[in-house]
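Colleague: Could you take me through one part of this model, slowly, as if I were new to this? I'd like to see how the pieces there fit together.

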Amino acid sequence: MEIATHRGEKKEAPKKRRISRNLTLIKCPHCGNDREFLEVADNVILTTNYHQNNDGSFTQEGDESQIMGEIKLYCAECNNDLSQFHSRFLEMLF
Ligand SMILES: [Zn+2]
């Protein structure tokens, strides 16, 4: 719900939210890293569409992934599990 950003919509509420978001960075409580993060998804089904050309070669036409399992967020420095911040991470993903 808050993932989508609609520019040009009502200005008041999003503005307030953005300010409060910027005040707190996600920070690894274990090593203090607040820059590098890993998102790991379990049970991902990758589907890729290919078109076969007349010369027998294939051209990729698109792909989609379906995540069936859990998605976790880790600190890229010490691999500490930061999944408690994952919803916030998604909110701040642009
Ligand atoms: Zn860490």
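**A close look at strand β2 and its partner**

Modeller: Sure, let's start with strand β2, residues 44-52: it lies largely in the open, because 0 of its 9 residues are buried. Keep in mind that this is a predicted model. Now look at what β2 pairs with: strand β3, residues 58-67, runs alongside in the antiparallel sense, with 9 bridges joining the two. To get from one strand to the other, the chain makes a hairpin with 5 residues between β2 and β3. In that turn sits Gly56, whose phi is positive, about 90°.

Let's zoom in on the pairing. Thr47 has Glu64 in β3 as its bridge partner. Asp63 also belongs to strand β3. The C-alpha atoms of Asp63 and Thr47 are separated by 5.5 Å, although the two residues are 16 apart along the chain. Leaving aside residues up to four places away in sequence, Asp63 touches Leu46, Thr47, Thr48 and Asn49. Even with those contacts, Asp63 is exposed, because just 10 other C-beta atoms lie within 10 Å, and 12 or fewer counts as exposed.

Next, step back to the loop between β1 (37-41) and β2, where you'll find Asn43. Most residues other than glycine have a negative phi. Asn43 isn't a glycine, yet its phi is positive, about 50°. Asn43 also counts as exposed, since it has 9 C-beta neighbours inside 10 Å.

Note on methods:
Residues are numbered from 1 along each chain as its sequence is written. This is a predicted model: local features need pLDDT of at least 70, side-chain atom pairs count only at pLDDT 80 or more; totals for chains, interfaces and linings use all residues. A residue is buried if 20 or more other C-beta atoms lie within 10 Å of its own, exposed if 12 or fewer, and partly exposed in between; C-beta atoms are placed from the backbone. Helices (H or I, at least four residues) and strands (E, at least two) are DSSP runs, numbered from the N terminus. Two strands pair if DSSP finds at least two bridges between them. Two residues are in contact if their C-beta atoms, placed from the backbone, lie within 7 Å.
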